[in-house]
Amino acid sequence: MLIYGINPVLEALRAKRVTAVRLSERAGGRLAEVVAAAELAGVAIRRVSPSELDRAVGDPHGRHQGVVADLQESTKLDVRDLVAGAAGAPLIVVLDGIEDPQNVGAILRTVDAAGADGVVRQTRHAAPLGGAAAKASAGAVSHVKIADVVNIARALEDLKACGVWTVGLAGDVQKGYDEIDLTLPTAVVVGAEGTGLRRLVRERCDWVASIPMRGHVQSLNVSVATGIVLFEAIRQRRAGNG
């Protein structure tokens, strides 16, 4: 997998997932951090022209910030691995049909910030985790555990079998997200903007809840909605332990 941008590459180096780094010939500034991190990790560095980096990422506008890295494939995980790896009550995010790499990257960044235990996504109809998603995640893609599954509805059944309660987010229900006991092992299920949760996925959720809208806009970006519920879970868990 190929990623680009200073923060994604630095985080991938810290996670020991980088196999090679390509730097712009005119690299300077913060790219010195990349050089130092790569040398510390024993990763080969190759100086190339900016146009070669443009071609590598398919972007003529220089959004690679002068650095591209190749990553080794991450360990294959399933939902049971995410549950088993949780330090306390599992807190997991399930992506149902989210194909926009910017949204996926932003959700990964939020999951990492909240200290959640991982993400479940479908192998088909899913945004690639390199490139734009990695950059939008600010490097979180190298740290968040991700379980790829064939079928999301079936994955929810697997989570239930592991004792995890599933909470779908939708805007057309009365029950508020903060009315649910999120101190329990929880998987937050989010759908694509515009279409929301698919019918079979929604039917398999233990609860479906909404985030009340007080203003003129009647919906939130999916990554923002995910963050609201994750940090509500953290608030409840801290209050319960306090």
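## Exercises on a predicted model

S210 sits in the loop between β10 and α9 (222–241). The model is predicted. Work through each task with the structure open.

**Exercise 1. Determine whether S210 is buried or exposed, and what its side chain reaches.**

Solution.
- Start with accessibility. The relative accessible area of S210 is 8%. Buried means under 20%, so S210 is buried.
- Next, follow the side chain. It reaches the backbone oxygen of V173 at 3.0 Å.
- Then list the surroundings, leaving aside neighbours within four places in sequence. S210 is in contact with A170, G171, V173, Q174, K175, G176 and Y177.
- V173 thus appears twice: as the residue whose backbone oxygen is reached and in the contact list.

**Exercise 2. Find the aromatic pair and classify its geometry.**

Solution.
- Count first. The structure has one aromatic pair.
- Its members are W165 and W207, with 5.2 Å centre to centre and 25 degrees between the planes.
- Apply the cut-off. Planes under 30 degrees apart count as stacked, so W165 and W207 are stacked.
- Place the partners. W165 belongs to strand β8 (residues 165–169) and W207 to strand β10 (residues 207–209). They are 42 residues apart, so the pair links distant parts of the chain.
- Check accessibility. W165 has a relative accessible area of 38%, and W207 has 25%. Partly exposed covers the range between 20% and 50%, so W165 is partly exposed, and W207 is too.

**Exercise 3. Describe the setting of N103 in helix α5.**

Solution.
- Helix α5 spans residues 101–114 and contains N103.
- The relative accessible area of N103 is 12%. That value is under 20%, so N103 is buried.
- Look for a polar partner. The N103 side chain makes a polar contact with the side chain of N221 at 3.0 Å.
- Widen the view, not counting residues up to four places away in sequence. N103 touches I98, E193, N221, V222 and S223.
- One of these, I98, also lines the largest cavity, which leads to the next task.

**Exercise 4. Locate the largest cavity and sort its lining.**

Solution.
- Search the whole structure. One cavity of 30 Å³ or more turns up.
- The volume of the largest cavity is about 50 Å³.
- Name the lining: L95, G97, I98, R121, Q122, R124, H125 and A126.
- Sort these residues. Three are nonpolar, three polar and two charged. Gly counts as polar and Arg as charged.

**Exercise 5. Compare the settings of K16 and Q65, given their phi values.**

Solution.
- Recall the background. Most residues other than glycine have a negative phi.
- K16 is not a glycine, yet has a positive phi of about 60 degrees. Q65, also not a glycine, has a positive phi of about 60 degrees.
- Place them. K16 is in the loop between α1 (6–14) and β2 (18–24). Q65 is in the loop between α3 (50–57) and β4 (67–71).
- Classify them. K16 has a relative accessible area of 68% and is exposed. Q65, at 39%, is partly exposed.

**Exercise 6. Place E39 and give the separation of its C-alpha atom from that of L129.**

Solution.
- E39 is in helix α2 (residues 31–41).
- Its relative accessibility is 57%. Exposed means over 50%, so E39 is exposed.
- Along the chain, E39 and L129 are 90 residues apart. In space, their C-alpha atoms are separated by 25 Å.

How values were computed
Residues numbered from 1 in each chain as written. Predicted model: local features only at pLDDT ≥ 70, side-chain atom pairs only at ≥ 80, totals over all residues. Heavy atoms only, no water. 1 Å grid on protein atoms, 1.4 Å probe; cavity = no way out; pocket = protein on both sides within 12 Å on 5 of 7 lines; lining within 4 Å. Points joined across faces, edges and corners; volume = space filled by probe spheres on them. Phe/Tyr/Trp six-rings, centres within 6.5 Å; stacked < 30°, edge-to-face > 60°. Helix = DSSP H or I, 4+ residues; strand = E, 2+ residues; numbered from the N terminus. Buried < 20%, exposed > 50% of the residue type's maximum accessible area, 1.4 Å probe, protein only. Polar contact = N/O pair within 3.5 Å; in protein donor to acceptor, adjacent residues only side chain to side chain. Contact = heavy atoms within 4.5 Å.
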